[in-house]
Amino acid sequence: MEAHDVAPAALRDQLDAAFDVALSQLKELPDPLERAKVAHGLAGRVQDFGNEFQAVRNEAMNETLRVGRLNSTQLASELGISKGRVSQLAKGAPPERLFLGSGKVIVALAEKLEDGNDKDGKKKAVQGPVIATEDVQTYERLRELAEEVGLEVSFERIPLGGNVRLNRNNLVVICGPRLSPLIEQILEGDPHLRFGKDDDGWYLTDRNTGQIYRSPMDRGENSDIAYFGRLPRPDGKGTFLYVAGIHARGSGGVVHWLNQELASVHRELKARRFSTLISSRFDPETLEIVASEQITPFYRPEGA
C-alpha cells in the first residue's frame, strides 16, 4: 500500500501506538543505566523524526500557498497558528528538497575490485576493494546539490557482494546490478525498465516500446545511459532512490540532469515510485558530465 492511500487519522493512530509501545517497553527496562542509555538514544531519534515531520509540513504549506488552494490567513486558521508563523515556516528550505530526503541523506556507493593494466600495458595485480572514481565524483555533485537545498549528506560503502541495508529513510543507492544480487532482484520488479546482459555487455530495455539502449561508451563515445528510479524497500515500509549507469560514468549524468530539473521533478512525482532513463555526455579528460537529458517518460508502477 502506498503512503497516500492511508487516511490521516490512521497515520496518527499508527504513530501514537508505536510511541506508546516503545515508551512502555523503555520504562520496563530493569537496569537504570541501560534505561538511561536507551532513553538518551531514543530522544535523539525522536528529535530527528520531529525535524522530518516539520520539513514535510513546511513543504506542504508552501505547496498549498503556491497552487492557490488557500491564502495565508485561511491556512493559518486551518493549522491553528498565526499568519506570521505561516509566512515564516513556508519560506523555509525549498520544497524540492523532499525529493532527496527529509533528514540526513545517506548515499551508499558500491565497492569493487580494481584491476587492469598499468601505463606500460602490463597487467596489474588485483587491488583491495575500491569505489570507482566516477562514483566518487557523482557523490560529490549530489552532495553539492543536496546542500544547496538545505540537506546534510554523508556516504557509506557497500561492501563486496552488494549487501546494503535498504530498510531506512533518506537513502540513495549508487550501485550497478552486477555488484549487488539484492539490487538486481529489486530491479526485476520494475515492469517498465530492465537491465540485461549478453555477449556484447550490459544494456537497458524499455519493455513498453521494446527499445534496447546500449552504452555509447562501448562504441568508444563519450556518452552513457543510466537508470534512475525510486524503488520499494524490502520491508514494504518506504522507498529509496536508486541510480546506476550502464557504466559508472552514467550515474553522474543523473545528478547533472537532476541539478537542472529537481524542482519540476518534485512537483510531478513527490515521493512516489517511478523509473526513467537518463542519457549524458562527459568530458573524456576530466570525466565531468557536460550534458544530460531524459530519454524515457517517468514510468510508474501500476496502481501507484
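Trainee: Where is T205 placed in this model?

Mentor: T205 lies in strand 9. Keep in mind that the model is a predicted one.

Trainee: Why is T205 called buried?

Mentor: Its relative accessible area is 16%, and buried means under 20%, so T205 earns the word.

Trainee: Which residues is T205 in contact with, once its neighbours within four places in sequence are left aside?

Mentor: T205 is in contact with H192, L193, R194, Q211 and I212. Contact here asks for heavy atoms within 4.5 Å.

Trainee: How do you know that strand 8 and strand 9 pair?

Mentor: Pairing needs at least two bridges, and strand 8 (residues 193–198) and strand 9 (residues 201–206) have six, in the antiparallel sense. Therefore they count as a pair. As one example of the register, F195 stands opposite L204 in strand 9. Two residues lie between these strands, and together the strands form a hairpin.

Trainee: And what makes strand 9 and strand 10 a pair?

Mentor: Good follow-up! Three bridges join strand 9 to strand 10, again antiparallel. The requirement is at least two, so this pair passes as well. Here Y203 stands opposite R214 in strand 10.

Trainee: What is the order of the strands in the open sheet?

Mentor: The three strands run in the order 8-9-10, with antiparallel pairing.

Trainee: Why do strand 8 and strand 10 stand at the edges?

Mentor: Strand 8 and strand 10 (212–214) each have a single partner strand, so one side of each has no neighbour in the sheet. From one strand to the next, the twist averages 30°.

Trainee: Let's turn to the core. Which residues touch the most other members of the largest nonpolar core?

Mentor: They are F99, L100, V107, F228 and L258, out of 29 residues in that core. Several elements give two or more residues to this core, including helix 5 (97–100), strand 1 (105–110), strand 11 (223–232) and helix 8 (248–269). Helix 8 gives the most, with seven residues.

Trainee: What is L100 in contact with, leaving aside its neighbours within four places in sequence?

Mentor: Its partners are V105, L142, L145, A146, V149, L151, L241, L258 and L262.

Trainee: How many residues are in the second, separate core?

Mentor: That core has 26 residues, among them A110, I158, L187 and I246.

Trainee: What makes A110 and I158 members of such a core?

Mentor: Members of a nonpolar core are buried residues of listed types, Ala and Ile included, joined through side-chain atoms within 4.5 Å. A110 and I158 are counted in the second core, so they meet those conditions.

Terms used
Residues numbered from 1 in each chain as written. Predicted model: local features only at pLDDT ≥ 70, side-chain atom pairs only at ≥ 80, totals over all residues. Heavy atoms only, no water. Buried < 20%, exposed > 50% of the residue type's maximum accessible area, 1.4 Å probe, protein only. Helix = DSSP H or I, 4+ residues; strand = E, 2+ residues; numbered from the N terminus. Axes fitted to C-alpha atoms, helices over the stretch in contact; angles between N-to-C directions.
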